[in-house]
Amino acid sequence: MSDTKQINLPITGMDCANCVFSVERNLKKVDGVEIANVNLTTERAAVEYDSTKADLQDMVARVERAGYGVAVGEADLIIQNMSDDNDARRLESALSQLDGVLEAQVSVASEKARVKYVPTIINQVEIRRAAKKVGFEALELGGDTVDAEREAREAELAHKWLLLWIALVFTVPLFILSMSRDFSLLPASIAHTPFMNWLFFFLATPVQFYVGWQFYTSSYKALRGGDTNMDVLIAMGSSAAYFYSVAALLGFFPGHLYFETSAMIITLIHGGKLMEANAKGRTSEAIKKLMGLHAKTARIEREGQETEVPIEEVEVGDIVIVRPGEKIPVDGVVVDGRSSVDESMLTGESLPVEKGAGDDVIGATINKLGRLKFEATKVGRETALAQIIRLVEDAQGSKAPIQALADRISQVFVPTVVVIALITFAGWYWIAPAGAELAPFTRALINMVAVLVIACPCAMGLATPTAVMVGSGKGAQLGILMKSSEALERAGEITTVVLDKTGTITRGQPAVTDIVLNGFAGGEEMLLQLAASVEEGSEHPLGEAIVAEAKQRELALSQPEGFKAEVGHGVSAEVAGHQIKVGNRRMMQSAEMSLNGLEMDVERLQSEGKTAMLVAVDDEVEAVIAVADTVKDNSREAIRSLHDLGLRVVMLTGDNPLTAQSIASEVGVDEVLAEVLPGDKAAEVKKLQEAGEVVAMVGDGINDAPALAQADVGIAIGTGTDVAMAAAPVVLISGDLRGVPRAIELSRRTLRTIKQNLFWAFFYNVTLIPAAALGFLTPVLAAVAMVFSDISVIGNSLRLRGFRTRS
């Protein structure tokens, strides 16, 4: 029986789109791996596999054999409560069986454990908890090394910087001397001496074989696995210039030396990769900001004492205390206190939310005013913030459909460029007319090198994932979660938005909208007080709305006596010496009471889609109270924004046509589909699709699950606490409907950016490869242009960080 698992592996050493295919292909060779998607921008591999056939060690070994690496963390722990070798073996076995652990070594003599692990699967806190479960206390040895992936990537980056400085130390003087000689700026006595030629050789060789060794090893491992990548082109191009120069230096044939060309190619490409890594790092700033939101410590109450502990030590059920101005450390439910909480960092809503006993609070939000005491309900990877980060990372790691064409081209790109380069060499050597300045072989070689260096599969590989990464990160900052790249792309193609009425356009909770008196002497508040006192004994939603209105006005309710509920009619009781009846027209008619001229008001309110309830005091109908599911404050604005985007808006509801049309007129939707049963909502969405519309369905994510699944894009309005539970591929963390036009507008901008990136990547290669083949570019200029193509694509994607919505 198969046991399917999903993991993310942090890959190191990738430079271009071909590297992505190489890692994917090698991971898929592991028996049991079903899906492997590698993202060049995030440098992550999302792998789905059968754990009964494949294990983590096999996958890591495959990646390393292909010439790449997996970022691995090492935890050095001090172990307490170990008494003998059996304890050591038991702990070692328990740690080795953890998902994400590659190796565990435990020594009873030193009372230490060393654990190698993959930081995207497990962290040190979870390792220490696992040790505690089997009876041991594990303490960190030395500083905090929890973020092992970051440390591994920083070490890799530091090594690249070292290589760049070494390259510059040798290349800059080589280039200056070479250009000075070419432009006759050096004294004739030394310009063309063997000493100068050998000096060029000694300056170029460390660059070629120390700084450039990475290109050789990467090329060898790629070719050994039947793949090609950009490093193959760089190795071929720089080697052709270098070894041609060596041959000329040794006197095999007379010719110009191009040591500066080979060194400049390697230095420029290496420097360009560093610039690219820096730019790619900026594409993930949004997700890094989210990761930095959580509190570092929490103040908990244990055994009557307040104790400050690291956030990792908070457990479900702990009572957490948050003072004004502090961050709420984990998710929970308020048990004591009142305050307003700033949730803008997660929901995108600027106004603080009032919190009291029984209300949910979300970790990483800020307590503004009062002191709150709450019970922790979700900690660690289960908190809303952790779920949001995981969803954004999943979206960034997925592939958008628009990327498919670039992927297919990238797979054959390098072999095609090599063929073009060989044709270029042959053409210039055998066919092109002889030139006065360069020998045919030299001229053919230089143009071939220019073709090899100018070719850039990276720009095509980065075009889509960089835009998706910035776009999805920006969405998360606005409270919009795109669960996949496909959803982000598809949302930009929407033509019709279908809105569920209850809970989406309206609040989903009946509320008092009108109170019309018929000359009642006690006034509006007394009448509401009497009606609410009767309804307090009722469980009907309409009665609850009247009670809620009275409590909002801070009216003191009286205890009803002789309470009686008449099904389908209303309720009655004695309150403060008065006989009170609250019900519909049938109730008053059965009691033979006149409506005292309120008939017109009842009909008017019902025509507006409201439920009208009559209130009788001592057998006299004194007032009518109207209750309705009120429209959310921002619904009109949201629908207006959807119209501004050129979209058709349809409202879907199970209400009768009169009520539905009343709401529709109020908010300005284009079409109403009324009296639709919950099970028929998906069928209505399908009808719109059959009519040629690209449909977005907006609902609560649970009751509307079939319709959300049927739609081209399902958008769930969440509460910020269970974002991962919604069935829809797009989740709005807050309940604000304005998030829908924001999501669509962001998707359109992201899709436009992807198309711009792909156009530039294709245009660059289609234009400049022929230009190099025709001899219009030198190898050094080709290297500069290649670096510029990558940076321009990333820079264009980074413009999405400044995205501003109209709504």
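**Exercise 1. Strand β5 and its partners**

Task: In this predicted model, which residue of β7 is the bridge partner of E74, and how many bridges join β5 to β7 and to β8?

Solution.
Step 1. Find E74 and look across to β7: the bridge partner there is K116.
Step 2. Count along this pair of strands. β5 (residues 73–80) and β7 (residues 112–117) pair in the antiparallel sense over six bridges.
Step 3. Turn to β8 (residues 137–140), which is antiparallel to β5 and joined to it by four bridges. One of the residues to look for is I78, whose bridge partner in β8 is L139.
Step 4. Recall the background: strands of a sheet pair through backbone hydrogen bonds, either parallel or antiparallel.

**Exercise 2. The two faces of β5**

Task: Which residues of β5 lie on its covered face, and which on its uncovered one?

Solution.
Step 1. Start from the general pattern: in a regular strand the side chains alternate between the two faces of the sheet.
Step 2. Apply it to β5. The covered face holds G73, A75, L77 and I79.
Step 3. The uncovered face holds E74, D76, I78 and Q80.
Step 4. Check two residues of the uncovered face. E74 has a relative accessible area of 38% and is partly exposed, and D76, at 26%, is partly exposed as well. Both values fall between the cut-offs of 20% for buried and 50% for exposed.

**Exercise 3. Charged pairs between β5 and β7**

Task: Which residues form salt bridges with R114, and what network do they belong to?

Solution.
Step 1. Recall that side chains of opposite charge can pair when their charged atoms come close.
Step 2. Take E74 and R114. They form a salt bridge in which the closest N and O atoms are 3.8 Å apart. E74 is in strand β5 and R114 in strand β7, 40 residues apart, so the pair links distant parts of the chain.
Step 3. Take R114 and D76. Their closest N and O atoms are 2.8 Å apart, and they too form a salt bridge. Because R114 lies in β7 and D76 in β5, this pair ties together parts that are 38 residues apart in sequence.
Step 4. Note the accessibility of R114: at 40% it is partly exposed.
Step 5. Put the pairs together. E74, D76, R114 and K116 are linked in a network of salt bridges. The count of salt bridges comes to 25.

**Exercise 4. A salt bridge elsewhere**

Task: Where in the chain do R371 and E306 lie, and are they buried or partly exposed?

Solution.
Step 1. The side chains of R371 and E306 meet in a salt bridge, with 2.9 Å from N to O.
Step 2. Locate them. R371 is in the loop between β16 and β17 (372–378), while E306 is in strand β10 (residues 305–310); they are 65 residues apart.
Step 3. Read the accessibilities. R371, at 41%, is partly exposed, and so is E306, at 39%.

**Exercise 5. A three-stranded sheet**

Task: In what order do the strands of the open sheet with β13 lie, and which are the edge strands?

Solution.
Step 1. The order is β14-β13-β16, with antiparallel pairing.
Step 2. The edge strands are β14 (353–355) and β16 (366–367), since each pairs on one side only.
Step 3. Follow β13 (residues 339–342) to β16: the two pair over two bridges. One of the residues to find is D342, whose bridge partner in β16 is I366.

**Exercise 6. Two residues of one loop**

Task: L595 and E592 lie in the loop between α21 and α22; which is buried and which is exposed?

Solution.
Step 1. Place the loop: it runs between α21 (585–590) and α22 (599–607).
Step 2. L595 has a relative accessible area of 7%, which means that it is buried. Leaving out residues up to four places away in sequence, L595 touches N518, R585, M588, L614 and V621.
Step 3. The C-alpha atoms of L595 and E622 are separated by 8.2 Å, with their positions 27 residues apart along the chain.
Step 4. E592, at 75% relative accessibility, is exposed. Its phi is near 55 degrees, a positive value in a residue other than glycine.

Definitions and conventions:
Residues numbered from 1 in each chain as written. Predicted model: local features only at pLDDT ≥ 70, side-chain atom pairs only at ≥ 80, totals over all residues. Heavy atoms only, no water. Pairing = 2+ DSSP bridges. Buried < 20%, exposed > 50% of the residue type's maximum accessible area, 1.4 Å probe, protein only. Contact = heavy atoms within 4.5 Å. Salt bridge = Lys/Arg side-chain N within 4 Å of Asp/Glu carboxyl O.
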